[in-house]
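Open the model in the viewer and keep the sequence panel beside it. The stops below are given in the order in which to select them.

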Amino acid sequence: MYYLSILLGMPISYYLSHHRLSLWHRRGRSRSSLSPVDWAAGLLKQCTYLEPYTVTSDETLLRDIGTLNRTRPVVIWGYASSLHQLARFAGQRSIPLHRPRFIISSVEMLYPAMREAIAQAFGCPVYDNYGATEVGRVAAECTRGRLHVFTFNNHIEVLDPAGRPAAPGEEGRLVITPVHNRAMPLLRYDIGDLARVSKDDCPCGSPLPVLGKITGRVIERFVTADGRTVYGGYFIAMFYEHEWISEVQVLQQDVDLITIYYRKMPGCVIPSQAMAQIDDAVREVMGASCRIEWLEVDAVPRTPIGKHLHARSLVWEERQRRDM
Ligand SMILES: [Zn+2]
């Protein structure tokens with residue numbers, strides 16, 4: 001986050017000494033995985049953590065708005081869909097929200113309507129940030145709305161279908177080589193997203209190169225039979241602790257039908273209760289009438305650009321298309 005703070009004209013001392021609020025999963029966030037700056041910030045207790053929304057309820061949103069207005073963070077950092085939900089909820093009920101200096105959106109696609117709704121509800125600019133667990137921070141927006149690449153963190157390439165560098169303005173596969181990962185080197189990692197190269201300098205004055213639009217990031221929401229929405233990450237998290245799963249995709253085919261495509265780890269036996277427990281966890285959020293089918297496959301389905309979506313909802317996609 002401090003890379004971003006610098007890009008937005010906020011020195012590290014400001015980042016350390018002002019309160020922040022993070023709508024982010026804390027799962028697996030051990031002390032040893034924190035950067036020195038985040039570790040120091042943690043010592044100063046300048047950050048409030050809230051969980052992103054898996055199952056949305058009025059109580060949760062009201063409680064989080066209370067926390068937000070009480071802690072008065074200078075920066076809010078969170079999942080695009082969670083920020084959007086919070087903003088819409090407060091807007092529909094005319095609940096006043098504390099105004100931070102800016103908001104950083106991450107993990108999911110920040111669609112223009114979402115950005116507008118968040119900016120309006122919080123009364124501050126919203127900046128998009130792009131990264132991935134495998135490679136860390138990749139790029140972030142500056143105050144002029146351009147996406148700057150953190151070249152000190154990753155070497156990135158945009159390649160055409162033949163594997164050659166894409167021409168400026170042309171869309172191509174984004175291929176990333178982290179430069180700091182000494183434990184697990186990754187060379188030319190195809191992250192499954194598309195991007196465009198831009199040759200324009202940015203008027204903000206940052207020397208970091210500018211990347212055109214990135215498309216393809218999706219962690220979707222599932223739609224229940226009674227009209228609620230559930231964050232797709234909930235279904236992904238159900239498989240974190242199961243060693244017998246090699247690959248999985250939870251696909252919502254219809255409001256009351258979920259298909260779980262899975263590939264077993266070679267040689268592993270599925271514990272007898274494991275699938276039943278997952279079925280229960282799915283029905284807990286989707287409703288008791290939800291049907292769940294398991295399909296063992298050699299490889300889980302990929303999107304046309306080859307991205308593995310761990311959780312996908314055809315109902316949500318249809319709804320997004322309708323609302324466009
Ligand atoms: Zn810029």
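Select strand 4 (102–106) and strand 5 (126–132). The two run parallel and are joined by three bridges; strands count as paired when DSSP finds at least two bridges between them. Strands here are DSSP runs of E with at least two residues, helices are runs of H or I with at least four, and both are numbered from the N terminus. I103 has V126 of strand 5 as its bridge partner. This is a predicted model, in which local features need pLDDT of at least 70 and side-chain atom pairs count only at pLDDT 80 or more, while totals for chains, interfaces and linings use all residues. Residues are numbered from 1 along each chain as its sequence is written.

Add helix 6 (residues 112–122) to the selection. Strand 4, helix 6 and strand 5 form a right-handed β-α-β unit. To check the hand, turn the view until the strands point away from you: a right-handed crossover has its path from the first strand over the helix to the second running clockwise.

Keep strand 5 and add strand 6 (residues 136–141). These two pair in the antiparallel sense, over four bridges, and a hairpin of three residues links them. Y130 faces A139 of strand 6. Strand 5 is mostly covered, with five of its seven residues buried. Buried means 20 or more other C-beta atoms within 10 Å of the residue's own, exposed means 12 or fewer, and partly exposed lies in between, with C-beta atoms placed from the backbone.

Now return to helix 6 and show its side chains. Which residues of helix 6 are buried? They are M114, R115, I118, A121 and F122. These residues lie on the same side of helix 6, because they cover an arc of only 140° around the axis, the arc being that of the directions from the helix axis to the C-beta atoms. An α-helix has 3.6 residues a turn, so residues three or four places apart point the same way. On the other side of helix 6, P112, A113, E116 and Q120 are exposed. The buried residues pack against helix 5, strand 4 and strand 5. Just after helix 6 comes G123, with a positive phi near 65°.

Centre on M114, which is in helix 6. M114 counts as buried because it has 20 C-beta neighbours inside 10 Å. Leaving out residues up to four places away in sequence, M114 touches A80 and H84; a contact means C-beta atoms, placed from the backbone, within 7 Å. A distance drawn between the C-alpha atoms of M114 and L83 reads 8.6 Å, for two residues 31 apart along the chain.

Move to L83. With residues up to four places away in sequence not counted, L83 touches L23, G78, I103, S105 and I118. L83, I118 and A139 touch the most other members of the largest nonpolar core, which has 41 residues. Helix 5 (residues 80–92) gives the most to this core, six residues. Apart from it lies another core of 19 residues, including F235, V248, I260 and C290. A nonpolar core is a set of buried Ala, Val, Leu, Ile, Met, Phe, Trp, Tyr and Cys residues joined through C-beta atoms within 7 Å.

Two arginines are next. R72 sits in the loop between helix 4 (58–71) and strand 3 (75–79), and its phi is near 50°, a positive value in a residue other than glycine. R72 counts as partly exposed because it has 13 C-beta neighbours inside 10 Å. R188, in the loop between strand 9 (171–178) and strand 10 (189–197), also is not a glycine and has a positive phi of about 50°. R188 counts as exposed because it has 12 C-beta neighbours inside 10 Å.

Finally, show the whole chain and colour by pLDDT, the predictor's confidence in each residue, from 0 to 100. The protein chain has nine helices and 17 strands, and 32% of its 324 residues count as buried. Its average pLDDT is 82, and 81% of the residues score at least 70. Among the elements, helix 1 (residues 2–7) has the lowest mean pLDDT, 63, and strand 16 (residues 291–296) the highest, 96. Over residues 27–31 the pLDDT is below 50, and this stretch has one contact in the model beyond near neighbours in sequence. Where pLDDT is low, the predicted coordinates should not be read in detail.

Definitions and conventions:
Two residues are in contact if their C-beta atoms, placed from the backbone, lie within 7 Å.
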